[in-house]
Amino acid sequence: MSKALPITIAVLLGGAALVPIYYATQNSTESKDTQVQTQTAKVSGTNVAAVEKISYALGYEVAGQTPPDINENAFIKGYRSGRAKEKPIYTEQELQTAYVEFQTEMQQKQVTLSKAAEVDSQKFLTENATKPGVVTTASGLQYKITQPGTGKQPTAKSKVTVHYKGQFVDGKVFDSSLERGEPVQFALDKVLPGWTEAFPLFKEGTKATLYIPAKLAYGEQGIPGQIPGNSALIFDVELIQVN
């Protein structure tokens, strides 16, 4: 395997280190159990069920770090070639050229998405500020309390337990602890500036909706492939506990 290939892939994945994964395809003639057993037979005493679960988890994690328009067939082909220690079918020059082309295209897409997000976000926040119950702070943060709390009130450095649902201004959900069925714990000085500002305004038991402008969220850069730059974000939150 050439040295350029893993470097290129690592950059495409945002710098994440690749890990050996076990990926069974729908076209495989072997069952998943048979493949896992074959894969683990070389390691005496390996727990087959554990390996299957870990392999699935690694595959799931890598999938979350790859570009959304990745060619899965080519990905699997490359993985299998790597496991078999075969010579890559592309030269280093071909891979470097493809990488530059891919990056250029991705950057252009990000610019387009960022411009659209900026327009939509500004329009939304302007209109939202006039709605009943919505409070706008000096920083531009907007919030609306839907259920007042009566418990402890955190500071900007407190650790809290929270349930939340995050969405874009068009209503598309991008993350939710509610869907996962488990609240999150974090220090308020380690999160988005909009959260750091908002939660000290609430008491335990409070449910509220936060309308966070991009400058108090992920800014002009956003999170490539997940959150476009200049995106205002909406969070339905519940302050469960001040730890």
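Colleague: How much area does the chain expose, and what share do carbon and sulfur atoms supply?

Modeller: The chain exposes about 15,200 Å², with 54% of that supplied by carbon and sulfur atoms. Accessible areas come from the Shrake-Rupley method with a 1.4 Å probe, and for residues only the protein chains shown count as cover. This is a predicted model: local features need pLDDT of at least 70, side-chain atom pairs count only at pLDDT 80 or more, and totals for chains, interfaces and linings use all residues. Residues are numbered from 1 along each chain as its sequence is written, and side-chain values use heavy atoms, leaving out hydrogens and water.

Colleague: How many helices and strands does the chain have?

Modeller: Seven helices and seven strands. These are DSSP runs numbered from the N terminus (helices H or I, at least four residues; strands E, at least two).

Colleague: Which residues of α4 are buried?

Modeller: I76, Y79 and S81. Buried means under 20% relative accessible area, with a 1.4 Å probe and protein chains only.

Colleague: What sits at the start of α4?

Modeller: A side-chain oxygen of N71 comes to within 3.1 Å of the backbone nitrogen of N73. After α4 comes K85, with a positive phi near 60°.

Colleague: Different topic. Where is Q110 found?

Modeller: In helix α5, residues 92-128.

Colleague: And what is Q110 in contact with, leaving aside neighbours within four places in sequence?

Modeller: P224, G225 and P228; contact means heavy atoms within 4.5 Å. Q110 and I227 are 117 residues apart in sequence, and their C-alpha atoms are 9.6 Å apart in space.

How values were computed: Buried means under 20% relative accessible area, exposed over 50%, partly exposed in between (1.4 Å probe, protein chains only). A polar contact is a pair of N or O atoms within 3.5 Å; within protein, one must be able to donate a hydrogen and the other to accept it, and residues adjacent in sequence count only if both atoms are side-chain atoms.
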